[in-house]
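Here are some notes for a colleague who is opening this structure for the first time. They are meant to be read beside the sequence and the model, one point at a time.

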Amino acid sequence: MAIHYVAEADDIRDGKSKIVDVEGRSIGIYCVGGEYYALHNRCPHEGAPLCKGPVCGTTLPSKVYEYEFGRNGELVRCPWHGWEFEIKTGKSIFDEKVRTRSYKVQVDNGKIGIII
């Protein structure tokens with residue numbers, strides 16, 4: 001495994017993202033709560049550019065006729081069909097077996113590196 005430095009930490013503020021190319025792979029880097037995460041920029045459903053979708057939250061389990069919103073800033077929503085994925089893990093929120101690849105991220109001296 002190798003680390004590929006792709007951005008400055010100051011370039012990606014909390015709640016924001018950046019798409020980079022690493023060894024021919026399109027990868028989205030996200031800052032959530034001051035921590036950095038990386039996801040493959042491809043939705044497993046039909047191959048959409050997942051990381052071009054909005055960072056969002058979702059409705060939480062709640063009582064009938066009550067709608068509680070939560071997890072704001074923790075999910076990315078596919079721009080084509082609305083599938084939602086956890087930024088921290090790549091797991092789909094509707095089925096744990098469906099996921100997009102996530103990559104380890106390392107920050108050294110203000111530089112964001114993706115481990116591949």
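**Notes on the strands, cores and side-chain pairs**

1. The model discussed here is a predicted one. A good place to begin is the pairing of strand 6, residues 68–77, with strand 7, since three bridges join these two strands, which run antiparallel. One residue to look up on strand 6 is Arg-77, whose bridge partner in strand 7 is Glu-84.

2. These two strands belong to an open sheet of three strands, in which the order is 5-6-7 and the pairing is antiparallel. Strand 5 (55–60) and strand 7 (84–86) stand at the edges with a single partner strand each, so one side of each has no neighbour in the sheet. From one strand to the next, the twist averages 60°.

3. The side chains along this sheet deserve a look as well, in particular that of Arg-71. Arg-71 meets Glu-74 in a salt bridge, with 3.1 Å from N to O, and the side chains of Arg-71 and Glu-86 also meet in a salt bridge, again given as 3.1 Å from N to O. The second pair links distant parts of the chain, with Arg-71 in strand 6 and Glu-86 in strand 7, 15 residues apart. Through shared partners, salt bridges join Arg-71, Glu-74 and Glu-86 into one network.

4. How buried or exposed are the members of this network? Arg-71 is partly exposed, at a relative accessible area of 28%, and Glu-74 is likewise partly exposed, at 30%. Glu-86, by contrast, has a relative accessible area of 19%, and because buried means under 20%, Glu-86 counts as buried.

5. The second sheet to examine is an open one formed by six strands, in the order 1-9-8-4-3-2, and its pairing is antiparallel. Its edge strands are strand 1 and strand 2, each of which pairs on one side only. In this sheet the twist averages 30° from one strand to the next.

6. Within the six-stranded sheet, strand 9 can be followed on both of its sides. Five bridges join strand 1 (residues 3–8) to strand 9, and these two strands run antiparallel; five bridges also join strand 8 to strand 9, again antiparallel. Val-105 has Ile-114 as its bridge partner in strand 9. Strand 8 and strand 9 form a hairpin with two residues between them, and Asn-109, in the turn, has a positive phi of about 50°. Four of the five residues of strand 9 are buried, so this strand is largely enclosed by the rest of the structure.

7. Glu-8 and Lys-111 are connected in two ways. In strand 9, Lys-111 is the bridge partner of Glu-8, and the side chains of Glu-8 and Lys-111 also meet in a salt bridge of 3.2 Å, N to O. Because Glu-8 lies in strand 1 and Lys-111 in strand 9, the pair ties together parts that are 103 residues apart in sequence. Glu-8 is partly exposed at 35% relative accessibility, and Lys-111 is partly exposed with a relative accessible area of 39%. In total, the structure holds four salt bridges.

8. At the other end of the strand order, six bridges join strand 2 to strand 3, which run antiparallel. Ile-19 has its bridge partner in strand 3, namely Gly-28.

9. Which residues of the largest nonpolar core touch the most other members? Of its 14 residues, they are Ile-12, Ile-27, Ile-29, Tyr-36, Ile-112 and Ile-114. Strand 2 (17–22), strand 3 (25–32), strand 4 (35–40) and strand 9 (111–115) each supply at least two residues of this core, and the largest share, three residues, comes from strand 3. Leaving aside neighbours within four places in sequence, Tyr-36 is in contact with several residues, including Ala-9, Ile-12, Ile-29, Val-105 and Ile-112. Another core, of 13 residues, lies apart from the largest one, and among its members are Tyr-30, Val-32, Leu-39 and Ile-87.

10. Finally, the structure holds one aromatic pair. The ring centres of Trp-83 and Phe-94 are 4.8 Å apart and their planes stand at 80°, so the pair is edge-to-face. Trp-83 lies in the loop between strand 6 and strand 7, and Phe-94 in the loop between strand 7 and strand 8 (102–108), so the pair ties together parts that are eleven residues apart in sequence. Trp-83 is partly exposed at a relative accessible area of 24%, and Phe-94 is also partly exposed, at 47%.

Notes
Residues numbered from 1 in each chain as written. Predicted model: local features only at pLDDT ≥ 70, side-chain atom pairs only at ≥ 80, totals over all residues. Heavy atoms only, no water. Pairing = 2+ DSSP bridges. Axes fitted to C-alpha atoms, helices over the stretch in contact; angles between N-to-C directions. Core = buried A, V, L, I, M, F, W, Y, C linked by side-chain atoms within 4.5 Å. Buried < 20%, exposed > 50% of the residue type's maximum accessible area, 1.4 Å probe, protein only. Contact = heavy atoms within 4.5 Å. Phe/Tyr/Trp six-rings, centres within 6.5 Å; stacked < 30°, edge-to-face > 60°.
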